[in-house]
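Reader: Hi! Could you walk me through this structure?

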Amino acid sequence: MHANEQLIRNFYAAFAARDADAMGRFYHPEIIFSDPAFPKLIGKEAGAMWKMLVSRGNDLQITLLDATANNDGGCATWEARYTFSKTGRKVINRVDALFAFRDGLIFRHIDRFGFWQWSKQALGLPGLLLGWAWPFKAMVRKQAAASLAQFMGRHTG
């Protein structure tokens with residue numbers, strides 16, 4: 001197994017164990033992370049996002065379905081099952097991830113998933129009716145950014 005594939009597998013093993021500190025150790029200090037809810041997190045923001053999600057996900061279950069990597073990059077498919085804390089609704093989210101590496105660590109991490117599919121599960125009727133619309137997506141991103149800023153304010157010294 002290529003070392004970068006093992007790095008991805010270790011990252012998701014830490015995620016499955018809900019160990020956000022370990023997840024952060026697999027990230028390069030200049031990590032750039034992106035997904036539909038958090039379009040650009042840099043450095044400590046990315047690690048804080050995982051800490052926030054893990055701390056709120058009381059029933060969070062992570063399953064790594066596939067991973068591969070080489071010197072040039074890597075990819076993974078994983079699934080998250082959890083209760084969305086703001087609505088109490090059950091979510092099953094399948095995610096495709098892309099990775100780039102630097103200095104033996106994850107330097108870029110891009111998660112892709114169907115925002116409308118996620119919003120229907122997490123937000124119910126509003127997500128079903130509006131989850132495809134750009135203004136709704138922008139509102140969710142703004143709320144996610146505010147939650148992360150508040151979390152970082154409480155959990156950093």
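The chat below turns to a surface patch, a loop and a pair of helices.

Author: Happy to! This is a predicted model, where local features need pLDDT of at least 70, side-chain atom pairs count only at pLDDT 80 or more, and totals for chains, interfaces and linings use all residues. Residues are numbered from 1 along each chain as its sequence is written, and side-chain values use heavy atoms, leaving out hydrogens and water.

Reader: Cool. Which residues form the nonpolar patch on the surface?

Author: W116, L125, L128, L129, L130 and W132, with about 650 Å² of accessible area together. Accessible areas come from the Shrake-Rupley method with a 1.4 Å probe, and for residues only the protein chains shown count as cover.

Reader: And which helix gives the largest share?

Author: Helix α5 (residues 125-130), with 4 residues. Helices here are DSSP runs of H or I, at least four residues, numbered from the N terminus.

Reader: Where's W132, then?

Author: W132 sits in the loop between α5 and α6 (134-155).

Reader: Is W132 buried or exposed?

Author: Exposed, because its relative accessible area is 63% (buried means under 20%, exposed over 50%, partly exposed in between, with a 1.4 Å probe and protein chains only).

Reader: What about A133?

Author: A133 is in the loop between α5 and α6 too, but A133 counts as buried, because its relative accessibility is 12%.

Reader: New topic: which residues of α4 meet α6?

Author: F115, W118, S119 and L123 in α4 meet F136, K137 and V140 in α6; contact means heavy atoms within 4.5 Å.

Conventions: Patch = residues over 30% accessible without salt bridge, like charges linked within 9 Å, V, L, I, M, F, W, Y side chains within 5 Å. Salt bridge = Lys/Arg side-chain N within 4 Å of Asp/Glu carboxyl O. Helix = DSSP H or I, 4+ residues; strand = E, 2+ residues; numbered from the N terminus.
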